[in-house]
Structure formats: structure tokens, C-alpha cells
Amino acid sequence: MGTFVGYRCSLCSAEYGPREVPYTCPRDGGNLDVVLDYATIRRTFSAGSISPAREPSIWRYLPLLPVEDPGHEGTVLRAVGWTPLLKPPRLAHLAGIDHLWLKDDGRNPTASFKDRASAVAVARAQEIGADVIVTASTGNAGAALAGMAAAAGRPAVILAPKTAPPAKVAQLLVFGAKVLLVDGTYDQAFDLSLEAARVFGWYCRNTGYNPFTAEGKKTAAFEIAEQFTSATQARDAGAAVWAVPEAVFVSVGDGNIISGLHKGFKDLLMLGWIERIPRLYGVQSTGSAAIYNAFVAGVETITPVRATTMADSISVDLPRDGVRAVRAARETGGAYLAVSDEDILAAMRDLARAAAVFAEPAGAAAYAGVVAAVGERMIGQGEHVLVLNTGNGLKDVRAAMQAAGEARVIEPTLKALKKSMQSS
Ligand SMILES: Cc1ncc(COP(=O)(O)O)c(C=O)c1O
Ligand SMILES: [Zn+2]
């Protein structure tokens with residue numbers, strides 16, 4: 001907190017103090033980047049001093065976050081992040097590259113990447129004395145907020161489209177949040193939550209609106225660098241400079257995860273803890289490709305689409321963090337890819353069968369993007385490529401059954417078993 005100096009608008013570069021504005025730029029609605037006092041952080045901490053035996057969670061990076069220690073030791077709020085970095089050889093073989101890394105953020109407390117954002121947003125809410133926290137969500141951000149709010153003993157209100165997968169709605173309810181299913185799209189739920197926050201004085205955690213969500217999400221970049229360094233032994237443990245893979249793939253809806261990752265790598269570069277930023281690749285569904293369209297057209301203006309994809313978490317008409325998301329790929333030498341729902345279903349099977357990672361459609365989309373990028377020769381055979389799974393497959397069982405098919409029912413006899421083993 002001592003190093004949080006304010007915000008800078010991503011559109012007009014206007015600067016604001018830490019308590020001057022709550023959400024987006026009052027002039028133009030641009031997303032605000034959190035500005036830290038890098039000189040002080042550099043003087044006080046180093047990559048070497050961060051690594052050893054710290055808390056295995058996002059809170060190991062507290063000196064780089066714009067919040068104070070939120071407390072709540074012993075709760076899941078302290079167990080967010082530090083998700084496993086895998087290097088499944090059979091998946092690499094399938095993708096046709098030598099070094100494929102898979103960071104499984106489905107292993108977070110509420111089973112998605114969004115816990116990173118919600119934990120930091122709850123910490124901020126506490127600090128500014130907010131009571132009720134509201135969010136619009138396709139499901140995961142809401143489940144993450146509901147879970148983190150339950151851990152911190154705070155009230156939360158979640159507005160999700162009524163089409164959200166039942167498992168996600170069950171999660172929202174079981175954590176005790178006030179859950180309202182909107183008879184409309186995610187985008188309509190988004191607009192309603194802004195209005196409700198204004199009228200009722202609630203603190204709004206919305207993705208691509210609240211500047212603290214990207215700050216939570218940037219912790220994945222820190223973990224990628226720290227874990228990649230120790231896994232490759234590219235540097236000594238506790239090294240002063242961390243190594244990073246050549247490319248990172250992540251799925252994109254509102255564009256806040258990829259923007260958060262970009263911010264995290266930029267922070268590390270500013271601090272001199274890494275020497276370069278990986279190329280960032282955003283993967284969208286062809287049925288929800290507003291940011292992909294802008295990237296391909298070489299513009300930053302995001303034109304809304306009418307989203308239709310079975311990957312509900314990345315089904316967004318008007319991405320709320322589109323400008324920064326386009327820049328994340330452009331400024332790092334990465335790109336955007338669009339994959340079909342069939343590609344996503346195939347990726348779910350491949351991840352599960354070659355890496356034993358059960359991903360929800362939006363999580364698997366990132367791997368489908370790797371396959372597409374290899375096909376288009378965007379990545380070299382010998383490069384280190386990291387793909388982020390952002391959500392657990394149990395979140396959307398219907399999609400999993402679509403990917404894997406139905407199980408056969410048989411008579412409880414060996415004869416019936418034999419017969420079914422013979423047929424395909
Ligand atoms: C599992 C999963 N993957 C990817 C995303 C996309 O993140 P963003 O909307 O920040 O681009 C989400 C967002 O809800 C998600 O839940
Ligand atoms: Zn502005």
C-alpha cells in the first residue's frame with residue numbers, strides 16, 4: 001500500500017491519486033492502470049528476497065500490490081494463486097512443440113483464475129470501508145467474489161445472466177451471496193450492476209471497470225516468472241533476475257486477464273526482475289471475437305459483436321478492457337487468434353487426455369489457440385510456450401459431456417460388458 005501512488009488513464013494518460021477516483025477515468029471512461037512507486041520497491045525488495053519460502057499464494061507478492069495485507073489468515077482468501085506449473089510431455093507432443101507449459105488456475109479455491117482478482121478487490125473494499133460488494137459476472141468472477149467475501153465475512157451481490165451454467169450458479173448460492181439471475185446478456189447484467197452500485201452505494205468489482213481486478217490478475221505473471229525460473233533452473237533459486245517463457249497463451253473475454261498479465265510483466269520489467277516480456281497471445285472464440293477483430297484490423301476501437309459461443313466465460317458482446325487487451329498482444333509481439341467451438345471441445349479432450357487437466361471451455365480455448373498458432377507457424381518448435389487454464393471443467397458439466405460423449409448403460413453381466421468392450 002505504501003508504494004501505491006495512484007492511477008493513470010490508459011486512454012488520456014490523466015493521473016489520479018489513490019482515493020481520487022474509484023473506477024474508470026472520469027474524463028473518457030478509460031481503464032485506469034495502477035501506478036506504483038517502483039523506485040521504493042526496488043530499494044526495499046528484490047526478486048531474490050521475494051522468492052524464498054514465502055506464503056504459497058498471491059500474497060507472497062504483497063510488496064507489489066496496491067493493497068495492505070488483508071488478514072484472514074487460515075481462510076481461502078490466503079490460498080489464492082501459486083497454482084501448479086506443469087510441463088506435460090504428451091500434450092507438448094500432441095501440439096507439436098518441444099516445450100509446452102501448462103499453468104492450471106482451475107486449481108484456485110473457487111476453481112478459476114478470477115479468485116486472484118476477487119481476493120484483491122475484497123482487500124481494497126476492506127481498506128476503503130466498503131460494505132456490500134457487487135459484481136456482474138458470467139459466473140466465475142461472481143463465484144470468486146462470493147467465495148472471497150464468504151472467507152472475509154462480507155456481503156456480496158452477484159448479477160449473472162440466467163443462462164450461466166448451473167454449477168456456477170450453485171457455487172454462487174452455496175457461498176451465501178445474494179444471487180440475481182438477469183433475464184438478459186452478461187452485458188446487460190454489467191450495466192445493471194453499475195447502476196445498482198451507484199444507487200445503493202455498493203462497491204463494484206466489475207471486470208474491466210474496477211482497477212484492482214487487473215492488479216490481482218497480474219500475480220499470475222509474477223508466478224509464471226518465478227515458477228518458470230525454478231522449473232528450468234535457468235537461474236539459481238532466489239535469483240536476482242527471473243526467466244520467462246517466450247510466449248504465453250490465454251483466453252480473452254472482457255480482456256482483463258490478458259491486460260493484468262501484461263501489467264504484471266511490465267511491473268517486473270520496471271523493477272528489473274525480468275529482462276524481457278513474453279509474447280502475449282489472446283485467444284477468443286470465433287463467436288465472440290470483438291478484440292480479435294480490432295487486433296486484426298490494427299485498431300484500438302472495439303466494435304461490439306453479438307456473442308454466440310458455448311464458452312460462456314468468454315461470451316462477451318462489448319469487452320470492457322478491450323483497448324489494453326489489444327495493446328497487450330501488440331506491444332509484446334504477440335497476436336490474437338480466434339478458435340471455433342469445435343476446436344474448443346477438441347482442446348478439452350486433449351487437455352484432459354494428454355495432461356489430465358479438466359478445463360472448462362474458456363480455459364481450453366487457450367490451448368486451442370496454441371494448436372492454431374503452431375499451425376500458422378507463429379511459434380517456433382523449440383520455444384517455451386506457456387498456456388493458462390483459467391477455469392476448472394466441473395464448472396460446466398454439460399460442455400464436458402459435449403466434448404466427451406455419454407457413457408453407455410449396460411446390464412450387470414459379464415456378457416454385456418464383453419459385448420460393449422468389443423463395440424466402439
Ligand atoms: C475461465 C475464464 N477464462 C477466461 C476468462 C476471460 O477473462 P477476461 O474476461 O478478463 O478476458 C474468464 C472470464 O470470466 C473466465 O472465467
Ligand atoms: Zn482518461
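## Ligand contacts

An oxygen atom of ligand 1 lies 2.7 Å from a polar backbone atom of Gly253. The structure is a predicted model, and the distances and areas given here are computed from its atoms. Gly255 also offers a polar backbone atom, at 2.7 Å from an oxygen atom of ligand 1. For Asn140 the contact is made through the side chain: one of its N or O atoms is 2.7 Å from an oxygen atom of the ligand. On its own, ligand 1 has 390 Å² of accessible area, and the protein covers 98% of it.

## Ligand surroundings

Where does ligand 1 sit? Its place is the largest cavity. The ligand is surrounded by 17 residues. Gly253 and Gly255, whose backbone atoms contact the ligand, are among the closest of them, together with Lys114, Asp254 and Thr390.

Sorted by class, the shell around ligand 1 consists of nine polar, four charged and four nonpolar residues.

## The three-stranded sheet

One sheet is open and has three strands in the order β2-β1-β3, paired antiparallel. Strands β2 (15–16) and β3 (32–36) are at the edges; each has a single partner strand, so one side of each has no neighbour in the sheet.

Strand β1 covers residues 4–9 and is joined to β3 by five bridges, the two strands running antiparallel. Within this pairing, Gly6 has Val35 of β3 as its bridge partner, and Cys9 stands opposite Leu32 of β3. The antiparallel pairing of β1 with β2 has two bridges. Here Tyr7 of β1 faces Tyr16 of β2 across the pair.

Which residue in the hairpin of β1 and β2 takes a positive phi? It is Ser13, with a phi near 65°. Five residues lie between the two strands of this hairpin.

In a regular strand, side chains point alternately to the two faces of the sheet.

## The six-stranded sheet

A second open sheet has six strands, ordered β4-β5-β13-β10-β11-β12, and its pairing is mixed. Its edges are formed by β4 (85–86) and β12 (335–339), each of which pairs on one side only.

Strands β13 and β10 are neighbours in that order. Residues 247–251 form β10 and residues 384–389 form β13; the two strands pair in the parallel sense over three bridges. In this pair, Val248 of β10 stands opposite Leu386 of β13.

## Sheet and ligand in sequence

Strand β10 ends at residue 251, and Gly253, Asp254 and Gly255 are among the residues closest to ligand 1. Strand β13 ends at residue 389, and Thr390 is another of the closest residues.

Terms used:
Residues numbered from 1 in each chain as written. Chains lettered and ligands numbered in written order. Predicted model: local features only at pLDDT ≥ 70, side-chain atom pairs only at ≥ 80, totals over all residues. Heavy atoms only, no water. Near = heavy atom within 4 Å. Polar contact = N/O pair within 3.5 Å; in protein donor to acceptor, adjacent residues only side chain to side chain. Areas by Shrake-Rupley, 256 points an atom, 1.4 Å probe, with all protein chains shown as cover. 1 Å grid on protein atoms, 1.4 Å probe; cavity = no way out; pocket = protein on both sides within 12 Å on 5 of 7 lines; lining within 4 Å. Sits in = over half its atoms within 2 Å of the grid points. Nonpolar A, V, L, I, M, F, W, Y, C, P; charged D, E, K, R; others polar. Pairing = 2+ DSSP bridges. Helix = DSSP H or I, 4+ residues; strand = E, 2+ residues; numbered from the N terminus.
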